[in-house]
Amino acid sequence: MPIGMIAATGMIMLVLIGFDQVVDAGQVVTSKPAERDLHSLGNPEQVRVSRVELDLSVDFEKKELQGTATLAFRRMPGCPPGTPLDLDTRDLKIERVTAGGNDDAMHEVRFELGHEAANPARPESELKWERLLGTRLRIFVPDQATRVQVTYRTAPTASALQWLDPPRTAGRKKPFLFTQSEAIHARSWIPLQDSPGVRITYAATIHVPEGLSAVMSADHLAGQAGQAGQAGARFEMTQPIPPYLIALAVGDLAFRALSPRTGTYAEPSVVAAAASEFVDTEAMIKAVETRFGPYRWGRYDLLVLPPSFPFGGMENPKLTFATPTILAGDRSLVSLVAHELAHSWSGNLVTNATWRDFWLNEGFTVYLERRIVEDVFGPDRAAMEAVLGLRELREELAAFPPRDQVLHIDLSDRDPDDGMTRIPYEKGALFLTTIEHAFGRERFDAFLRAYFDHFAFQSITTAEFERYLQDQLLQTDPAAAAKLNVQAWLHEPGLPPGFPEPKSSRFTVVATAAQDWIDGKSSAEQLATQGWSTHEWLHFLQALPLELPPEKMTALDKAFALTATGNSEITQQWLLMAIRNHYSPADARIEEFLTSIGRRKFLMPLYGELKKTAEGTTRARAIYAKARPFYHPIAVESVDRLLGTP
Ligand code: BES
Ligand code: ZN
């Protein structure tokens with residue numbers, strides 16, 4: 001082979017493998033081989049986007065965002081001349097693309113949306129994969145260009161956007177819009193390189209109709225809410241974040257301060273309840289800061305969304321999005337706040353580089369969440385939550401095939417949203433707890449603190465974590481390290497033996513009460529349930545036999561008014577029992593719950609339980625037909641898969 005060709009081949013290889021640059025204070029300090037993100041069609045190994053500036057108008061009538069995204073990018077070392085810029089999009093209508101240098105004027109450039117050689121004869125599996133990833137936007141940028149501007153509009157069906165008509169909000173008078181970009185939905189409202197390994201800063205100007213306010217996962221610089229067509233509200237995120245953390249909500253929003261740096265947004269009729277539920281937020285931040293290093297994002301606010309929000313919470317930086325179903329009135333469900341707050345370290349500061357590494361986000365976060373709960377609410381509550389978590393984990397390990405039980409999960413040919421089981425969360429947290437026990441809390445805390453400092457504002461893979469763990473902890477104490485089977489924890493299904501099993505003495509008392517009632521030793525009224533927390537109630541209900549005779553169901557409901565409870569977690573547990581045992585007095589509540597709450601974690605088990613009988617399936621489909629227009633696209637997608645599209 002001629003030398004020239006070898007050199008050329010070498011260069012192509014280099015570009016194909018790609019290098020991730022580690023940037024420290026603006027200086028490139030090292031290069032490391034990148035692991036490819038299968039869930040992006042972008043080419044950051046060659047041309048990498050570093051900043052996005054949005055100027056968007058929010059049109060509730062058309063249910064579309066319309067405007068421009070201006071992207072700054074740089075060519076990576078070894079990138080051959082003529083290399084285009086590849087972005088992710090899904091269902092975006094691209095109107096115009098211009099490009100230019102930093103100071104030059106922008107000129108219209110050629111672009112290509114989708115695969116040039118789309119071959120209709122391709123196998124269904126390939127087409128499905130493409131539908132999942134969306135459409136590549138290839139922009140033919142001149143070699144000296146450093147910026148592109150894309151003029152575009154979103155589709156009314158954009159997977160990241162939920163447009164709520166006024167009746168779907170608490171106030172019922174004004175519409176509401178919110179985004180949910182994790183895992184790969186940012187591309188449905190912004191053309192960008194939608195990979196968690198590509199960190200960007202962002203700025204946005206948002207124009208909203210009169211009387212509505214916009215909030216984002218960024219600093220709010222200026223601009224009054226609701227000045228349609230005028231200056232708009234301006235936002236800036238100066239720290240480099242992965243694209244799935246870009247977030248926007250627009251609605252009739254009120255704000256209550258909780259402490260100088262924390263507060264809560266919600267619709268006016270909800271904001272007082274939210275402020276009362278979230279009083280411990282500042283204490284939670286201090287708890288993490290003491291152990292794991294400073295909170296680096298300035299403000300920490302919470303936004304309570306309308307009930308169709310498909311998740312419990314989403315850790316959008318500076319502004320957690322939360323479901324109203326955690327407003328129990330007694331602060332018993334605020335471990336969700338601890339969880340989303342903890343992501344300010346695990347996830348937002350140190351980010352999973354690909355969706356295979358999702359456990360690095362969620363396992364670490366559940367571990368931190370439990371540490372916060374322990375510090376702020378005491379070890380009893382943390383222990384109860386750990387026991388409930390392990391129970392859920394065991395149920396899922398029993399239900400999922402081996403390949404789904406692995407922390408470093410193989411997601412080739414899969415939707416990353418399919419990886420969102422309890423396994424990365426609870427198995428990941430249990431792995432970290434196991435390390436903590438092997439090395440002692442003091443050494444493990446020091447390790448974690450150093451980990452967050454070392455990888456701050458970087459996206460890392462499981463392999464990088466393993467290397468760091470080896471160098472910084474395992475190597476320092478081979479005897480302790482010998483107790484750990486890291487390979488089994490990260491790369492094998494099931495639970496390795498020898499982990500510290502969480503125990504709760506309060507649950508022991510509850511279990512005895514449950515047994516006494518089952519054995520008929522005491523009536524429901526005679527049980528010592530005074531002072532039971534939500535957790536104890538959940539444990540009690542879970543300790544009961546799956547099948548209960550009608551008189552037992554009636555007795556429970558009579559004694560504890562379970563059909564009428566306002567606590568969403570207890571309601572969910574009770575309604576599962578009601579469906580299983582054909583307890584018809586709860587029928588109306590089942591329908592009410594499923595048509596008023598869109599949180600997927602509640603919907604899926606309830607519809608799943610209904611689906612187990614023919615009569616239940618008919619009921620599930622009837623309820624779903626009513627509820628579907630109210631659910632978020634992400635929830636619709638999941639329930640459609642379960643029940644069939646109506
Ligand atoms: N980041 C997740 C939510 C998420 C994960 C959205 C993957 C899309 C794809 C968030 O931090 C989370 O885990 N939320 C949980 C609540 C938490 C207390 C376990 C949820 O929504 O159920
Ligand atoms: Zn999480």
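**A zinc site, two cores and a covered helix**

The donor residues of the zinc ion (ligand 2) follow the sequence spacing H-x3-H-x18-E. His339 sits in helix 5 (residues 335–342) and Glu362 in helix 6 (residues 358–377), so this pair ties together parts that lie 23 residues apart in sequence. The model is predicted.

Look at the atoms around the metal. His339 and His343 each offer NE2. Glu362 is listed twice, through OE. These protein donors lie 1.9 to 2.8 Å from the zinc ion (ligand 2). The site has 6 donor atoms, with angles of 52 to 158 degrees among them. Its geometry is irregular. For comparison, ideal angles for six octahedral donors are 90 or 180 degrees.

Are the zinc-binding residues His339 and Glu362 buried or exposed? His339 has a relative accessible area of 8%. Glu362 has 2%. Buried means under 20%, so both residues count as buried.

Now turn to the nonpolar interior. The largest nonpolar core holds 148 residues. Trp189 and Phe431 have the most contacts inside it. This core draws at least three residues from each of domain 1 (15–154 + 176–240) and domain 2 (345–491). A second core is separate and has 49 residues, among them Ala513, Trp532, Leu541 and Leu606.

Finally, find helix 16 (residues 568–580). Its 13 residues reach 18 Å from the first C-alpha to the last, close to the 18 Å expected. The helix is mostly covered, with 12 of its 13 residues buried. Trp574, Leu575 and Leu576 are among the buried ones. What covers them includes helix 14 (534–543), helix 15 (550–560), helix 17 (587–596) and helix 18 (600–610).

Notes
Residues numbered from 1 in each chain as written. Chains lettered and ligands numbered in written order. Predicted model: local features only at pLDDT ≥ 70, side-chain atom pairs only at ≥ 80, totals over all residues. Heavy atoms only, no water. Core = buried A, V, L, I, M, F, W, Y, C linked by side-chain atoms within 4.5 Å. Buried < 20%, exposed > 50% of the residue type's maximum accessible area, 1.4 Å probe, protein only. Domains from an automatic or database assignment. Donors = N, O, S within 2.8 Å, 3.2 Å for Na, K, Ca; no water. Tetrahedral: all angles 85-135°; square planar, octahedral: opposite > 155°, others 65-115°. Helix = DSSP H or I, 4+ residues; strand = E, 2+ residues; numbered from the N terminus. Expected span 1.5 Å × (residues − 1). Contact = heavy atoms within 4.5 Å.
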